[in-house]
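Colleague: Could you walk me through this structure? I would like to begin with the ligand.

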Amino acid sequence: MIPAPFEYYSPRSINEAVDFLSAHKDDVKILAGGQSLLPLMKMRLAKPGYLLDIGRISGLDTIVEDGNHVIIGAMATHAQIERSDLLRRRCSLLPQTAATIADVQVRNCGTMGGSLAHADPAGDLPAAIIALDAEIKAVGPDGERWIKAEDFFLGLLMSVLEPDEIVTAVRVPATEGEKTAYLKAAPRSSGFAVVGVAVRLTLDSSQTCSRIAVGITGVADKAYRAERVEKALAGKKLDLKAIEQAAAESTYNIDVIEDINGSAEYRTHLTHVYVTRAIEAAMNG
Ligand SMILES: Cc1cc2nc3c(=O)[nH]c(=O)nc-3n(C[C@H](O)[C@H](O)[C@H](O)COP(=O)(O)OP(=O)(O)OC[C@H]3O[C@@H](n4cnc5c(N)ncnc54)[C@H](O)[C@@H]3O)c2cc1C
């Protein structure tokens, strides 16, 4: 359980980091919280010749307001997100989601940027940022670009990030006045979602849904938006029957995975149950 030898580099600026990445892009890994990368290196499933530690670049771990948005630095930890008063006030779905990740130790080290860049199909934050229509900022040798959350993930551990790009921030909308919830079914041993459901919901005074977004993780090779559920519920009065009927559409056209945690049939059923519960939790929250 000892990693293969590597050279360690710890730049103080994004420009230095990008230059280093460009120079070594076939043989370098970015080190953020290390919670996914270091186990892979210890098991020798990853053997980078160079580690680029972005932990000493100042300003990457801030959470700040920007008009009707909140911008979260890539190095903000899950624990920072969970405890942020600003996010609790202006974008409650993120603290709700971060609080469910693993244990305190992992949450103290793991980061927003690492979680997204790693593109684990069972990662929790991808479901939330997809439901929020967030944007991800990536910086590379040609400058910066903003990527829509829904376009970011390609599949198992794959994203649209280029090897010489660094995620530096995530921009989420302020959601005051909306109702949000994140619910997941997960084995105690890992905490990773078998099914995780993020809900963002606007209700009028008669409990009619004017807008709903549902992000799902753990079920397919990447997190996805349950568009048929959203379409089925928009403009409807939300009672249990309507929610259950819509939730049954949450795996429509999805290639549901199976693994040691459950068959595709079990996961499909669990998804319908958790979508129903997450929408109810958002309504009652
Ligand atoms: C015991 C355990 C339980 C866990 N349970 C959960 C869970 O329940 N839910 C969950 O969502 N996650 C879970 N995780 C994963 C955890 O959330 C990790 O923190 C996260 O997946 C990776 O974040 P990191 O900052 O540790 O990234 P690292 O491990 O440092 O990096 C992960 C990958 O992303 C790349 N990378 C990192 N930062 C950037 C960046 N800014 N730009 C570009 N590339 C970058 C790295 O090069 C590497 O390939 C668990 C981890 C452990 C060890």
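Modeller: An oxygen atom of the ligand lies 2.8 Å from a polar backbone atom of serine 36, where a polar contact is a pair of N or O atoms within 3.5 Å. This is a predicted model, in which local features need pLDDT of at least 70 and side-chain atom pairs count only at pLDDT 80 or more, while totals for chains, interfaces and linings use all residues. Residues are numbered from 1 along each chain as its sequence is written, and side-chain values use heavy atoms, with hydrogens and water left out.

Colleague: Which atom of lysine 184 lies 3.2 Å from an oxygen atom of the ligand, side-chain or backbone?

Modeller: For lysine 184 it is a polar side-chain atom. With isoleucine 30, a backbone N or O atom is 2.6 Å from a ligand oxygen.

Colleague: How many residues surround the ligand?

Modeller: There are 31, with a heavy atom within 4 Å of the ligand. Helix 7 gives the most to this shell, 5 residues; helices are DSSP runs (H or I) of at least four residues, numbered from the N terminus.

Colleague: Changing topic, how much space lies in the second largest pocket?

Modeller: About 230 Å³, the space filled by probe spheres set on the grid points, which are joined across faces, edges and corners. A pocket is an open set of points on a 1 Å grid over the protein atoms alone, where a 1.4 Å probe fits, with protein on both sides within 12 Å along at least five of seven lines. Its lining residues, which have an atom within 4 Å of a point, include Asp120, Phe192 and Arg267.

Technical notes:
A polar contact is a pair of N or O atoms within 3.5 Å; within protein, one must be able to donate a hydrogen and the other to accept it, and residues adjacent in sequence count only if both atoms are side-chain atoms. Helices (H or I, at least four residues) and strands (E, at least two) are DSSP runs, numbered from the N terminus.
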